[in-house]
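Biologist: Before I use this model at the bench, I should like to go through it with you. Please begin with how far it can be trusted.

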Amino acid sequence: MTTAEQTTVSRMPNPVQLVPEMGQTAAALRSVTGNGTIDQATVGLVQLRAGQIVGSTYLAVLHTSTLRKNGESEERIAAVATWPTSPYFSAAERAALALVEAVLQPSASTERVSDALYEQVSSHYSDREIATLAMVIGEVNFYVPLAVIGKPLPGVSPSRQWTPVPTP
């Protein structure tokens, strides 16, 4: 049996129990990203790509599962990692995926989001929609430290995977 097979909970106590205010912040972020400004399919695709870029299996599995539950096709889900050469995405979705890559990947140039990319994104999205896309990316990044430090288990519900907070 491997170490991964033996692990049934994450390696740290439930962060929301440790820092209750985190739940309020997470709820506020969900409210912004789910405000209806951006199509939820696009939100899910951007969140999946963000999880892939930061190298978090937990986040990639979480967002893949959400996309499936929302009726997204297996082809589109699988093609997120190779979206630039995939025929499955609209021009607006491509702009959103290019934006998440620019924001989360280091750039050899002085700026990650070039004027050309911003122009491409703004040709598909209003200022409010761009701000919402920024928060969609930010919502995933809010969870990255917990995913990396706490090692939550892919495919396990949050309520079942964190170790209980020890009582004094």
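Biologist: In which helix of the protein chain is confidence highest?

Modeller: This is a predicted model, in which local features need pLDDT of at least 70, side-chain atom pairs count only at pLDDT 80 or more, and totals for chains, interfaces and linings use all residues. Residues are numbered from 1 along each chain as its sequence is written, and side-chain values use heavy atoms, with hydrogens and water left out. By pLDDT, the predictor's confidence in each residue from 0 to 100, helix α1 (residues 3–6) is lowest at a mean of 50, and the highest value, 98, belongs to α6. Helices here are DSSP runs of H or I of at least four residues, and strands are E runs of at least two, numbered from the N terminus.

Biologist: Over which residues does pLDDT stay under 50?

Modeller: The chain averages a pLDDT of 90, and 95% of the residues score at least 70. Where pLDDT is low, the predicted coordinates should not be read in detail. The stretch with pLDDT under 50 has one contact (heavy atoms within 4.5 Å) beyond four places in sequence, and it covers residues 1–5.

Biologist: How far apart are the end C-alpha atoms of residues 22–101?

Modeller: An unreviewed UniProt entry lists this span as "domain: Carboxymuconolactone decarboxylase-like"; UniProt positions follow the numbering used here, feature names are shortened, and annotations may be inferred rather than shown by experiment. The span is 70% helix and 0% strand, and its end C-alpha atoms are separated by 26 Å.

Biologist: Which helix gives the most residues to the largest nonpolar core?

Modeller: A nonpolar core is a set of buried Ala, Val, Leu, Ile, Met, Phe, Trp, Tyr and Cys residues joined through side-chain atoms within 4.5 Å. The largest has 34 residues, and V46, F89, V121, Y125 and L133 touch the most other members. At least two residues of this core come from each of α4 (40–53), α5 (57–69), α6 (74–79), α7 (91–104), α8 (115–122) and α9 (127–150). With eight residues, the most is given by α7.

Biologist: Why is α7 described as largely enclosed by the rest of the structure?

Modeller: Buried means under 20% relative accessible area, exposed over 50%, and partly exposed in between (1.4 Å probe, protein chains only). The buried residues of α7, including E93, R94 and E101, pack against α4, α6, α8 and α9. The helix is largely enclosed because the buried residues number eleven of its 14.

Biologist: Is R49 buried or exposed?

Modeller: R49 lies in helix α4. Its side chain makes a polar contact of 3.0 Å with that of Q52; such a contact is a pair of N or O atoms within 3.5 Å, where within protein one must be able to donate a hydrogen and the other to accept it, and residues adjacent in sequence count only if both atoms are side-chain atoms. Beyond four places in sequence, R49 also contacts V80, A81, W83, L97, V100, E101 and Q105. Its relative accessible area is 10%, so R49 is buried.

Biologist: How far apart in space are L62 and V156, C-alpha to C-alpha?

Modeller: L62 belongs to helix α5 and is partly exposed, at 34% relative accessibility. Cover for the buried residues of α5 includes α4, α6, α9 and α10 (158–161). Although L62 and V156 are 94 residues apart in sequence, their C-alpha separation is 8.9 Å.
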